[in-house]
Amino acid sequence: MSASAGPIGNILAQLRSMRVVDLAPLLERGIPRWPTHPHLTIDKAVTHDHDGYYCQAIMMAEHTGAHVDAPAHMLPDRMDRTIDTFAPDHLIAEGVLYDFSGRDLKPGELITADDLRRKEAETGEAVGAGEIALVNYGWMQRYWRTDSKAQWYVLNAPRMSEDACEVFR
């Protein structure tokens, strides 16, 4: 049976009809990280000259690059809810973009529930049940860097207020 027939073919056809967006930044040396987290390390582990093929070893904290915070990250009584306990399809859904990139957010500035509601009124779209809210602060385009000042990005990035988080609950 070919891949174009049957259930796999149906899945492939559906995926091809969608706009898939990769939100992950390039994993590279110097990537911004929380100051207490280990650096991303990418080393040659196996080489053509020595082993006949090439392979890299990667060591990184679970909060490197694009990631999802599981309840266990902040709630000590929810250690049973680490990200590996979520079904893979939990993070596959239609997304609604809340784009604040044109707002020139300042270091540490908070997006509030009122900001989200104004954005919904402006765009005519609001995240619904089963959808994923995508919030773009515009900082990656303006401030992302991998040199010795990469930590400034992490420590000063805009955030969401508690009432804004409740909107997406």
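**From a surface patch to the salt bridges**

Val20 sits in the loop that runs between α1 (6-16) and β1 (41-46). The structure shown is a predicted model. Val20 counts as exposed, because its relative accessibility is 64% and the cut-off for exposed is over 50%. This valine also belongs to a nonpolar patch on the surface, which Val20 forms together with Ile8, Ile11, Leu15 and Met18. The accessible area of these residues together is about 500 Å².

A second valine gives a contrast. Val46 has its place in strand β1. With a relative accessibility of 14%, Val46 counts as buried, because buried means under 20%. Not counting residues up to four places away in sequence, Val46 touches Asp51, Tyr53, Tyr54 and Cys55. Gly6 lies 40 residues away from Val46 in sequence, and the C-alpha atoms of Val46 and Gly6 are 40 Å apart in space.

Strand β1 also leads to the charged residues. Side chains of opposite charge can pair when their charged atoms come close. In the whole structure, a search finds nine salt bridges. One of them joins Asp43 to Arg29, with 3.4 Å between the closest N and O atoms. This pair links distant parts of the chain: Asp43 is in strand β1, while Arg29 is in the loop between α1 and β1, and 14 residues separate them. Asp43 is partly exposed, since its relative accessible area is 37%, a value in between the limits of 20% and 50%.

Further along the chain, the side chains of Asp104 and Lys106 meet in a salt bridge, at 2.6 Å from N to O. Asp104 is partly exposed at a relative accessible area of 38%, and Lys106 is partly exposed as well, at 45%.

Another salt bridge brings together the side chains of Glu166 and Arg169, with an N to O distance of 3.5 Å. Here the two partners fall into separate classes of exposure: Glu166 is partly exposed, with a relative accessible area of 42%, whereas Arg169 is exposed, with 79%. The value for Arg169 places this residue in the exposed class because that class begins over 50%.

Salt bridges can also share partners, and in this structure such bridges join Arg103, Glu109, Asp115 and Arg118 into one network.

Key. Residues numbered from 1 in each chain as written. Predicted model: local features only at pLDDT ≥ 70, side-chain atom pairs only at ≥ 80, totals over all residues. Heavy atoms only, no water. Patch = residues over 30% accessible without salt bridge, like charges linked within 9 Å, V, L, I, M, F, W, Y side chains within 5 Å. Areas by Shrake-Rupley, 256 points an atom, 1.4 Å probe, with all protein chains shown as cover. Salt bridge = Lys/Arg side-chain N within 4 Å of Asp/Glu carboxyl O. Helix = DSSP H or I, 4+ residues; strand = E, 2+ residues; numbered from the N terminus. Buried < 20%, exposed > 50% of the residue type's maximum accessible area, 1.4 Å probe, protein only. Contact = heavy atoms within 4.5 Å.
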